[in-house]
Amino acid sequence: MYGTILVPLDGSDPSRRALAHAVSLADEINATVHVLTVVEPSRSSLTFGIDEVEDINQAITDLVETIVDSNSWTDVSIQSDVRRGHPAYEVILDYANEIDADLIVLSRRGASSLPDVVFGSTADRVTRFTDIPVTLVPDPRTD
């Protein structure tokens with residue numbers, strides 16, 4: 001039923017729980033997990049500086065650490081990618097279509113900010129704008 005599972009990862013504890021959930025599911029059904037981190041470019045379209053390079057490198061480092069931690073107890077195949085773009089939900093949906101994802105697993109809440117409260121969360125937008133099944137993993141501390 002699900003051969004390819006996409007997990008958007010923003011580095012937050014809730015997104016790491018979503019990854020653990022996806023890896024556990026993939027282990028049971030012999031699926032591949034694709035982990036995606038989206039790094040948003042700076043607000044100025046004319047700037048690509050040291051801060052963005054550091055953001056991308058930090059995202060890659062966090063992603064690798066998470067994959068290693070999650071994969072130590074299972075034989076699940078985990079692929080990873082880091083993409084730049086804004087808004088994040090569009091990058092996630094484009095990537096989901098690119099890899100032919102059968103399921104998207106993401107946290108209900110992640111590294112949120114005030115604009116998420118006003119304009120809607122990435123999770124909300126992903127669920128509204130896709131026809132791919134979505135599993136939302138709650139954060140037991142806040143949901």
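This report describes the fold, the cores, the strand pairing and one aromatic pair of a predicted model.

**Overall layout**

The chain has 143 residues, and 38% of them are buried. It contains five helices and five strands, which follow one another in the pattern β-α-β-α-β-α-β-α-α-β along the sequence. Among contacts with a separation of 6 or more, 78% are between residues 24 or more positions apart. The accessible surface is about 8,100 Å², and carbon and sulfur atoms account for 49% of that surface.

**Strands β1, β2 and β3**

Strands β1 and β2 run parallel and are joined by five bridges. One residue of this pairing is P8, whose bridge partner in β2 is L36. Between the two strands the chain passes through α1, and the resulting β-α-β crossover is right-handed. Strand β2 also runs parallel to β3, with seven bridges between them. Here T37 is opposite V82 of β3.

Of the eight residues in β2, six are buried, so the strand is largely enclosed by the rest of the structure. H34 is a residue of β2. It is buried, at a relative accessible area of 13%. Leaving out residues up to four places away in sequence, H34 touches T4, I5, L6, V7, Q79, Y95 and I99.

**Nonpolar cores**

The largest nonpolar core has 22 residues, and those touching the most other members are I5, V7, V33, V35, I78 and V105. The elements that each supply at least two residues of this core are β1 (4-8), α1 (13-29), β2 (32-39), α2 (50-71), β3 (78-84) and β4 (103-107). Helix α1 contributes the most, with five residues. A second core is separate from this one; it has 14 residues, including I99, A101, I104 and I132.

I5 gives a closer view of the contacts made by one core residue. Apart from neighbours within four places in sequence, I5 is in contact with A22, L25, A26, I29, A31, T32, V33, H34, L103 and V105.

**Helix α3**

The buried residues of α3 are A88, Y89, V91, I92, L93, Y95 and A96. Their cover includes β1, β2, β3, β4 and α5. Just after the helix, D100 has a positive phi of about 55°.

**The aromatic pair**

There is one aromatic pair in the structure. Its rings belong to Y89 and F129; the centres are 5.5 Å apart and the planes are at 25°, so the pair counts as stacked. Why does the pair tie together parts that are 40 residues apart in sequence? Y89 lies in α3 (residues 88-98), whereas F129 lies in the loop between α5 (122-128) and β5 (134-137), so the pair links those two parts.

The table lists relative accessible areas for the two residues of this pair and for H34.

| Residue | Relative accessible area | Class |
|---|---|---|
| Y89 | 15% | buried |
| F129 | 49% | partly exposed |
| H34 | 13% | buried |

Y89 is buried because its 15% is under the 20% limit. F129, at 49%, is partly exposed, because the exposed class begins over 50%.

How values were computed:
Residues are numbered from 1 along each chain as its sequence is written. This is a predicted model: local features need pLDDT of at least 70, side-chain atom pairs count only at pLDDT 80 or more; totals for chains, interfaces and linings use all residues. Side-chain values use heavy atoms; hydrogens and water are left out. Rings of Phe, Tyr and Trp (its six-membered ring) pair if their centres lie within 6.5 Å; planes under 30 degrees apart count as stacked, over 60 as edge-to-face and the rest as tilted. Helices (H or I, at least four residues) and strands (E, at least two) are DSSP runs, numbered from the N terminus. Buried means under 20% relative accessible area, exposed over 50%, partly exposed in between (1.4 Å probe, protein chains only). A nonpolar core is a set of buried Ala, Val, Leu, Ile, Met, Phe, Trp, Tyr and Cys residues joined through side-chain atoms within 4.5 Å. Contact means heavy atoms within 4.5 Å. Two strands pair if DSSP finds at least two bridges between them. A crossover is right-handed if, with the strands pointing away from the viewer, the path from the first strand over the helix to the second runs clockwise. Accessible areas come from the Shrake-Rupley method with a 1.4 Å probe; for residues, only the protein chains shown count as cover.
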